[in-house]
Amino acid sequence: MYQVTKLHYHKVQKTLDVHFDDGLTHSLSAEFLRVHSPSAEVQGHGPGQQQLVLNKQHVTISQIEPVGHYAVRLVFDDGHNSGLFSWQYLRKLSEQHEALWQDYQQRVSARHDVPIKFMP
């Protein structure tokens, strides 16, 4: 069981540095954390019920709330705050970051009903 020894949020880069007790440090973007929230709203209530969360490129973390000695609640500026990020879940996200992000990007690109966003 890994323990998180330090969390540091970079507001400008919108990344959370997660430091583990074995020396591993990993930076996770707010967008990545939001779309991989462990909440039932995102993960569903069973296998295969995961929701595809879109348009979170500009989301930020507005609060980090400790939950005991095993997790944090991340409060996002879009109002989402229902997921508890346990140390073990943060470790999984850190270790599987590339594969999870690629899978997410493929799921987004496979959607045909995603509206086109026009940027000025």
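Me: Looking at S6, which residue is the bridge partner of Val72?
Reply: Phe85 in S6 is the bridge partner of Val72. Keep in mind that this is a predicted model.

Me: How do S5 and S6 pair, and over how many bridges?
Reply: They pair in the antiparallel sense, over 3 bridges. Strand S6 covers residues 84-86.

Me: What about S4 and S5? How many bridges there?
Reply: Strand S4, residues 61-67, pairs with S5 over 6 bridges. The sense is antiparallel. One facing pair is Ile61 and Phe76, with Phe76 in S5.

Me: And the hairpin of S4 and S5: how many residues sit between the strands?
Reply: There are 3 residues between the strands. Gly68 in this hairpin takes a positive phi near 60°.

Me: What's the strand order in that sheet?
Reply: S4-S5-S6, an open sheet of 3 strands with antiparallel pairing. S4 and S6 are the edge strands, and each has a single partner, so one side of each lacks a neighbour in the sheet. On average, neighbouring strands are turned by 30° against each other, direction ignored.

Me: Why is S5 called largely enclosed?
Reply: Because 5 of its 6 residues are buried. S5 spans residues 71-76.

Me: Which strands does H3 lie across here?
Reply: H3 lies across S5 and S6. Its direction runs at about 75° to S6.

Me: Switching topic. What order do S1, S2 and S3 take?
Reply: The order is S1-S2-S3, in an open sheet of 3 strands with antiparallel pairing. Strands S1 (4-10) and S3 (25-29) are at the edges with a single partner strand each, so each has one side without a neighbour in the sheet. The average turn between neighbouring strands of this sheet is 20°, direction ignored.

Me: How many bridges join S1 and S2?
Reply: 6 bridges, in the antiparallel sense. S2 is residues 15-20. One bridge pairs His10 with Thr15 in S2.

Me: Which strands of this sheet does helix H3 touch?
Reply: H3, residues 87-95, packs on the sheet and touches S1, S2 and S3. Its direction makes about 110° with that of S2.

Me: Back to Thr15. Buried or exposed?
Reply: Thr15 is buried, with a relative accessible area of 17%. The cut-off for buried is under 20%.

Me: What does Thr15 touch?
Reply: His8, Tyr9, His10, Leu28 and Ser29. That leaves out residues up to four places away in sequence.

Me: Now the core. How many residues are in the largest nonpolar one?
Reply: The largest nonpolar core has 20 residues. Those with the most contacts inside it are Leu33, Ile61, Leu74, Phe85, Leu90 and Leu93. S1, S2, helix H1 (30-35), S5 and H3 each give two or more residues to this core.

Me: Which element gives the most to this core?
Reply: H3, with 4 residues.

Me: What is Leu74 in contact with, leaving aside neighbours within four places in sequence?
Reply: Leu74 is in contact with Leu16, Leu33, Ile61, Gln63, Ile64, His80, Asn81, Gly83 and Phe85.

Me: What's in the second core?
Reply: It is separate and has 5 residues, among them Val42, Leu52, Val53 and Tyr104.

Me: Aromatics next. How many aromatic pairs does the structure hold?
Reply: It holds 3 aromatic pairs. In one of them, the ring centres of Phe32 and Trp101 are 6.0 Å apart and the planes are at 55°, so the pair is tilted.

Me: Which helices do Phe32 and Trp101 lie in?
Reply: Phe32 lies in H1 and Trp101 in H4, residues 97-110, so the pair ties together parts that are 69 residues apart in sequence.

Me: And how buried or exposed are they? Phe32 first.
Reply: Phe32 is buried, with a relative accessible area of 0%. Trp101 is partly exposed, at 22%.

Me: What about the rings of Phe85 and Tyr89?
Reply: Their centres are 6.0 Å apart and their planes are at 50°, so that pair is tilted. Phe85 and Tyr89 are both buried.

Me: Which residues do ring pairs link into a cluster?
Reply: Phe32, Trp101 and Tyr104.

Me: Last one. What does UniProt list for residues 8-91?
Reply: The unreviewed UniProt entry lists "domain: Gamma-butyrobetaine hydroxylase-like N-terminal" for residues 8-91. In this model, that span is 18% helix and 36% strand, and its end C-alpha atoms lie 15 Å apart.

Notes. Residues are numbered from 1 along each chain as its sequence is written. This is a predicted model: local features need pLDDT of at least 70, side-chain atom pairs count only at pLDDT 80 or more; totals for chains, interfaces and linings use all residues. Side-chain values use heavy atoms; hydrogens and water are left out. UniProt positions are given in the numbering used here, feature names are shortened, and annotations may be inferred rather than shown by experiment. Buried means under 20% relative accessible area, exposed over 50%, partly exposed in between (1.4 Å probe, protein chains only). Two strands pair if DSSP finds at least two bridges between them. Axes are lines fitted to C-alpha atoms, for helices over the stretch in contact, and angles run from 0 to 180 degrees between N-to-C directions. Contact means heavy atoms within 4.5 Å. A nonpolar core is a set of buried Ala, Val, Leu, Ile, Met, Phe, Trp, Tyr and Cys residues joined through side-chain atoms within 4.5 Å. Rings of Phe, Tyr and Trp (its six-membered ring) pair if their centres lie within 6.5 Å; planes under 30 degrees apart count as stacked, over 60 as edge-to-face and the rest as tilted.
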